[in-house]
Amino acid sequence: MAGWYNKSMSKVFNHPALEVQKDKPLVYTAMSKHLFYFRMFISVFVLENGGVPLNPFMVFDYFMLDAVDRDLVREGNNNLVKRCDEIWVFGAVSNGVLAEIQIAKEQGKKVRYFAIEKPHQIIETDKNSVELEEDIKDLRHLI
């Protein structure tokens, strides 16, 4: 059993967390604000599919309720994208998600796309099938 030991090698601490240390990819979950209410389902999906979610809506809520300048939150999100191993895009791509995809691609990150049929039904799709929000419909070539 894993645990922390002192210099005399007598066990001083043990916890179940010390037994589960498998390395998993950090996955940035890119999603439109329209999926804010699905944020927990999306994090569960990533966990159940072998990743560790870096979910911006779980980290920063919805722009921290505008308690700080939105660009500070955007910068925080961009730093998460840079530090993740992969980016998984959920639902329709918004302009903010498109920016995150661009940053991930510049960094050489793997980008995967998922459609959400219902909160509990998320299916992988390809970038040619992903929906784009109205204001960026003419930018498909960038994803």
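The questions and answers below go through a predicted model, from one helix to its ring pairs, salt bridges, strands and core.

Colleague: Which residues of helix α1 are buried, and within what arc do they fall?

Modeller: Helix α1 covers residues 39-48, and its buried residues are I42, S43, F45 and V46. Seen down the axis of α1, these buried residues line one face of the helix, because they fall within an arc of 155°.

Colleague: Which exposed residues sit on the face of α1 turned away from its buried side?

Modeller: Exposed here means over 50% relative accessible area. On the face of α1 turned away from the buried side, the exposed residues are M40 and E48.

Colleague: What residue with a positive phi follows α1?

Modeller: After α1 comes a residue whose phi is positive, near 90°. That residue is G50.

Colleague: Is F45 buried or exposed?

Modeller: The cut-off for buried is under 20% relative accessible area. F45 has a relative accessible area of 15%, so F45 is buried.

Colleague: How do the rings of F45 and W88 meet, and how many residues apart are they?

Modeller: By the rule for ring pairs, the count comes to seven aromatic pairs. F45 and W88 form one that is edge-to-face, at 6.3 Å centre to centre with 70° between the planes. The pair links distant parts of the chain, since F45 is in helix α1 and W88 in strand β5 (residues 86-90). Their separation along the chain is 43 residues.

Colleague: What kind of pair do F45 and F114 form?

Modeller: F45 lies in helix α1 and F114 in strand β6 (residues 110-118), so the pair ties together parts that are 69 residues apart in sequence. F114 counts as buried, at 2% relative accessibility. The ring centres are 5.3 Å apart and the planes are at 70°, so the pair is edge-to-face.

Colleague: Which residues do ring pairs link into a cluster with F45?

Modeller: The pairs of F45 with W88 and with F114 have been described. Ring pairs link F45 into a cluster with W88, F90 and F114.

Colleague: Where does the charged end of R112 sit?

Modeller: For a charge to sit over a ring, CZ of Arg must be within 6 Å of the ring centre. The charged end of R112 is 4.5 Å from the centre of a ring, and the ring under it is that of W88.

Colleague: What is the distance from R39 to the ring centre of F36?

Modeller: R39 lies over the face of F36. The distance to the ring centre is 4.0 Å.

Colleague: Which residue forms a salt bridge with R74?

Modeller: Side chains of opposite charge can pair when their charged atoms come close. A search of the whole structure finds two salt bridges. R74 is in helix α3 (residues 70-83), three residues and about one helical turn from its partner. The closest N and O atoms are 2.9 Å apart, and the partner is D71.

Colleague: Are R74 and D71 buried or partly exposed?

Modeller: R74 has a relative accessibility of 40% and counts as partly exposed. D71, with a relative accessible area of 47%, is also partly exposed.

Colleague: Which residue meets R112 in a salt bridge?

Modeller: The N to O distance in this salt bridge is 2.7 Å. R112 is in strand β6, and the partner is twelve residues away in strand β7 (residues 121-125). At 46% relative accessibility, the partner counts as partly exposed. The partner is E124.

Colleague: In what sense does β6 pair with β5, and how does β6 run to β7?

Modeller: Between β5 and β6 there are five bridges in the parallel sense, and the bridge partner of W88 in β6 is R112. Y113 stands opposite T125 in β7. β6 and β7 are joined by five bridges, and they run antiparallel.

Colleague: Which element gives the most residues to the largest nonpolar core?

Modeller: In soluble globular proteins, nonpolar side chains tend to be buried together. The largest nonpolar core has 19 residues, and those with the most contacts inside it are Y28, V89, V93, I101 and I143. β3 (26-31), α3, β5 and α4 (95-106) each supply at least two residues of this core. With five residues, the element that gives the most is α4.

How values were computed. Residues numbered from 1 in each chain as written. Predicted model: local features only at pLDDT ≥ 70, side-chain atom pairs only at ≥ 80, totals over all residues. Heavy atoms only, no water. Buried < 20%, exposed > 50% of the residue type's maximum accessible area, 1.4 Å probe, protein only. Helix = DSSP H or I, 4+ residues; strand = E, 2+ residues; numbered from the N terminus. Arc of directions from axis to C-beta. Phe/Tyr/Trp six-rings, centres within 6.5 Å; stacked < 30°, edge-to-face > 60°. Lys NZ or Arg CZ within 6 Å of the ring centre and 35° of its normal. Salt bridge = Lys/Arg side-chain N within 4 Å of Asp/Glu carboxyl O. Pairing = 2+ DSSP bridges. Core = buried A, V, L, I, M, F, W, Y, C linked by side-chain atoms within 4.5 Å.
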